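Open the model in your viewer and keep the selection panel at hand. The stops below are given in the order in which to select them.

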Amino acid sequence: MKFVDQAKIKVISGKGGNGCISFRREAYVPRGGPDGGDGGKGADVIIYADESLNTLLDCQYQQLYRGRHGSDGKGKNQTGRSAEDLIIKLPPGTQIFDANTDELIVDLDEPNSSVIIAKGGRGGQGNTKFATARTQAPRRAQPGEPGQELDLRLELKLIADVGLVGLPNSGKSTLISRVSNARPKIADYPFTTKVPGLGLVRGPDGRDFVMADIPGLIEGAHDGAGMGDLFLRHIERTRILLHLIDPSPLDEPSAIERFKVIMSELASYSYEVSHRPMIVVITKMDIPENKSAAEELSKFIEEQGLPVKRISAISGEGVRELLFEVSRTLQTSGAKK
Ligand SMILES: Nc1nc2c(ncn2[C@@H]2O[C@H](COP(=O)(O)OP(=O)(O)OP(=O)(O)O)[C@@H](O)[C@H]2O)c(=O)[nH]1
Ligand SMILES: [Mg+2]
């Protein structure tokens, strides 16, 4: 499925129905009083955070969301029917901005929550409401209130507990497919992963958490190299990062340099993200040549004050221990961003 994480839409809530001008007509009553009913309320436009969605793709196909109008009031004091509200379902993690002022209106960070983004117009009052002692046959009623029109910019930032970062081919997708229900494509060429994906991990201590796999980063990503760093917005709202690194001594530049590339791309992207709790994960430990390279790399990383784990997502070595460490770190790393 195509992944879309930005969209522009227009929403228009329904206009209220008009109030009615009407007079009673009854046999033997020559001049009945007013009996014009009120108009019904126009549809609210409501945004709902639907957990089953994880892209804004629908909003590329449909860009205009218009609520229905309330019905007009009628004689015999009948109130017009209120329009049914229009519900737009968006993935949790969507931020909704006013497209003109760029002000954040709502952050849809709670799954299953909803918010009225445009209120439907009130129905106008019928002439019954205008009757007074002096004006017993009012010839006026109120028009329905117009709906609200808003141009919105939507930006999806996935909400996950753990974000995977690393160079292409470092084994991010292999790990997420081993430990979670996610089944991304895995291959030995760079940029296999083109869109972010979420996986639900059943932690070894029984606590579940959500992991986000994102496309690989390369040197200069903040300037647009490779897939650029746009996808980093999907790790903005994670609580901890796993930085995966393939320790292979055969690749250039050295593993230590490769580690630094990712650290500096994170720093160029955001101070906050680069200071998030991180566990460095040295991957592919089933390959014999990697053993001594991993030794040297671990030493260097520990000197930077970061925790290091070694795993093989293929043989499973070290994976359970890594998940314990992730779970422990999640418990001490405070609330979700
Ligand atoms: N031997 C071995 N190979 C691995 C391991 N993990 C991943 N690989 C291989 O490394 C290659 C890249 O793996 P991916 O999981 O696609 O890497 P990625 O980090 O998701 O790469 P991008 O999506 O391109 O950023 C694939 O050929 C995997 O089979 C491992 O633990 N051991
Ligand atoms: Mg991948």
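Where is Arg 31 found? Select Arg 31: this residue is in the loop between E1 and strand E2 (45-49). The model is a predicted one, and the tour begins at its surface.

**Stop 1: Arg 31**

Arg 31 has 9 other C-beta atoms within 10 Å, and with a limit of 12 or fewer for an exposed residue, Arg 31 therefore counts as exposed. Add Ala 131 to the selection and draw a distance between the C-alpha atoms. Arg 31 and Ala 131 are 100 residues apart along the chain, and their C-alpha atoms are separated by 14 Å.

**Stop 2: strand E1 and its partners**

Select residues 6-12, which form strand E1, together with residues 149-156, strand E8. The two strands run antiparallel and are joined by seven bridges. One pair to label is Ile 9 with its bridge partner in E8, Leu 152.

Now add strand E3, residues 64-66. E3 runs parallel to E1, with three bridges between them. Here Lys 10 has Leu 64 as its bridge partner.

**Stop 3: Val 11 and the core**

Centre on Val 11. Leaving aside residues up to four places away in sequence, Val 11 touches Val 45, Tyr 65, Ile 117, Ala 118, Leu 150 and Leu 152.

Val 11 is also among the residues with the most contacts inside the largest nonpolar core, which has 66 residues. Others in that group are Val 45, Leu 154, Leu 164, Val 165 and Met 211. E12 supplies the largest share of this core, five residues. Colour domain 1 (1-156) and domain 2 (162-332) separately: both give residues to the core, so the core lies between them.

**Stop 4: helix H2**

Select residues 172-179, helix H2. Is H2 largely enclosed or largely open? Six of its eight residues are buried, so H2 is largely enclosed by the rest of the structure. The buried ones are Lys 172, Ser 173, Thr 174, Leu 175, Ile 176 and Val 179.

To see what they pack against, show strands E9 (162-166), E10 (197-202), E11 (208-213) and E12 (240-245), and helix H6 (319-332).

**Stop 5: ligand 1**

Finish on ligand 1, which is surrounded by 24 residues. Label the closest: Gly 171, Ser 173, Asp 188, Thr 193 and Gly 216. By class, the shell holds nine nonpolar, 11 polar and four charged residues. Which element gives the largest share of this shell? Helix H2 does, with three residues.

Notes. Residues numbered from 1 in each chain as written. Chains lettered and ligands numbered in written order. Predicted model: local features only at pLDDT ≥ 70, side-chain atom pairs only at ≥ 80, totals over all residues. Near = placed C-beta within 6 Å. Helix = DSSP H or I, 4+ residues; strand = E, 2+ residues; numbered from the N terminus. Nonpolar A, V, L, I, M, F, W, Y, C, P; charged D, E, K, R; others polar. Buried ≥ 20, exposed ≤ 12 C-beta atoms within 10 Å, placed from the backbone. Contact = placed C-beta atoms within 7 Å. Core = buried A, V, L, I, M, F, W, Y, C linked by C-beta atoms within 7 Å. Domains from an automatic or database assignment. Pairing = 2+ DSSP bridges.
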